[in-house]
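Dear colleague,

I am passing on the structure below, and after it you will find some notes on the ligand and on one residue.

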Amino acid sequence: MNQHPNHMMKALIEREQNGLLRKLKNSFPPIDFCSNDYLGFAKLGLLSKKVQESSEAGPKSLGSTGSRLISGNSHFIEDAEKQIALFHHAQSALIFNSGYDANIGLLSSVAQKTDLILYDEFVHASIYDGIRLSQATHYKFSHNDLHSLEELIGRHQKNFDSIYVIVESVFALDGDSAPLIELAEICNPGKNIFLIVDEAHAIGVFGKQGRGLCNALGIEANCFARIYTYGKAMGCHGAAIVGSEILTKYLINFARSFMYTTALPEHCIDAILHAYQLLIETDQKDALQNNIAYFYSRSGNLKHCVKTQSAIHSMKIGSNEQLDHCERALAEKNIHIRCIKSPVVKHGTERLRFSIHSFNTRSEIDALVEVLNGFKF
Ligand SMILES: Cc1ncc(COP(=O)(O)O)c(C=O)c1O
């Protein structure tokens, strides 16, 4: 019975030989500079406490029983979406089961054969997969390079009905930010150029009460669509696309990753609402910013480090072998960090990626800086 096509074994052996075989791990060094739980909502138990308290008032369903279009919809989810739209200063919001689902649903359904998608070369795989699922022509522009983007717009605009420009407000790879103010000027719906911003790593970290970077920069109204995910700083699961009422109506009708999947159950929606409440009630965002400032006050000498104000930071190391060495050295000091290897990034730009959290202690940050300072390549 254990039969499989030949290519599977071959592909796995090739990965193993190149030192690139991925394996699931179930235990990690205890000092967390890796997870996306930037505000500690999951790790500190803040969210589970809230959810537990609310379930005492009445249990939330554990199974939604079907897609939103069949039997999985409820007033509870619709009210949650209204609150999300209000919080993010949008006309409307639509919840998806994950950020991956949101991105593939949005891009694959909105962009048509006669449209053009221009995307930053560093966008997340979920955006890229959505682009590939669409019928639109697509080109990447150099990372955060407005000249590269404007050159593409100038060259191609006359050949397409609409252009969609897509970026991350905080890039998942290095934690740096897109030039959103300039992008908001370049993208003009009157000229059929629409801006889409993935705020996965900005919600909870930037803006008033963690509303995100578009909020902090005052460009929420310039975006055609914004994507907020709940598996990072919000400490739970799911995502929402916010925009116009027409956009929501369109996605309900054409986004296949919304239409053809069982809806999130009420207890997940409840957790999302409590996470928003925690953004308002707790000072974890300030604790995170204090820790980021402390990290930079201690890491002045670090070379090859991408400086950012977000929770994500990275340090270019230069080869997969050196990365393995760094990972071991960090693990010896109980530090959990992520390695981004080639071919995920270009050879020579392999990096250590680490996230700073509200709950990291100063001595943990000192230990991280000390190990990073010891790397001489
Ligand atoms: C920028 C960005 N967008 C979307 C996603 C996908 O979100 P989710 O984990 O909720 O599927 C991620 C997750 O890694 C991400 O980094």
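**Ligand surroundings**

An oxygen atom of the ligand is 2.9 Å from a polar backbone atom of Tyr 100, while polar side-chain atoms of two further residues also face ligand oxygen atoms, that of His 201 at 2.7 Å and that of Lys 232 at 2.8 Å. On its own the ligand has 390 Å² of accessible area, of which the protein covers 82% (areas by the Shrake-Rupley method with a 1.4 Å probe).

This is a predicted model, in which local features need pLDDT of at least 70 and side-chain atom pairs count only at pLDDT 80 or more, whereas totals for chains, interfaces and linings use all residues. Residues are numbered from 1 along each chain as its sequence is written, and side-chain values use heavy atoms, with hydrogens and water left out.

There are 13 residues around the ligand, and those that come nearest are Gly 99, Tyr 100, Asp 198, His 201 and Lys 232 (a residue is near if one of its heavy atoms lies within 4 Å). Helix 4 (residues 99–110) gives the largest share of this shell, three residues (helices are DSSP runs of H or I, at least four residues, and strands runs of E, at least two, numbered from the N terminus).

**Thr 308**

Thr 308 sits in the loop between strand 9 (305–306) and strand 10 (312–316), and is buried, with a relative accessible area of 8% (buried means under 20%, exposed over 50%, partly exposed in between, with a 1.4 Å probe and protein chains only).

Best regards

Conventions. A polar contact is a pair of N or O atoms within 3.5 Å; within protein, one must be able to donate a hydrogen and the other to accept it, and residues adjacent in sequence count only if both atoms are side-chain atoms.
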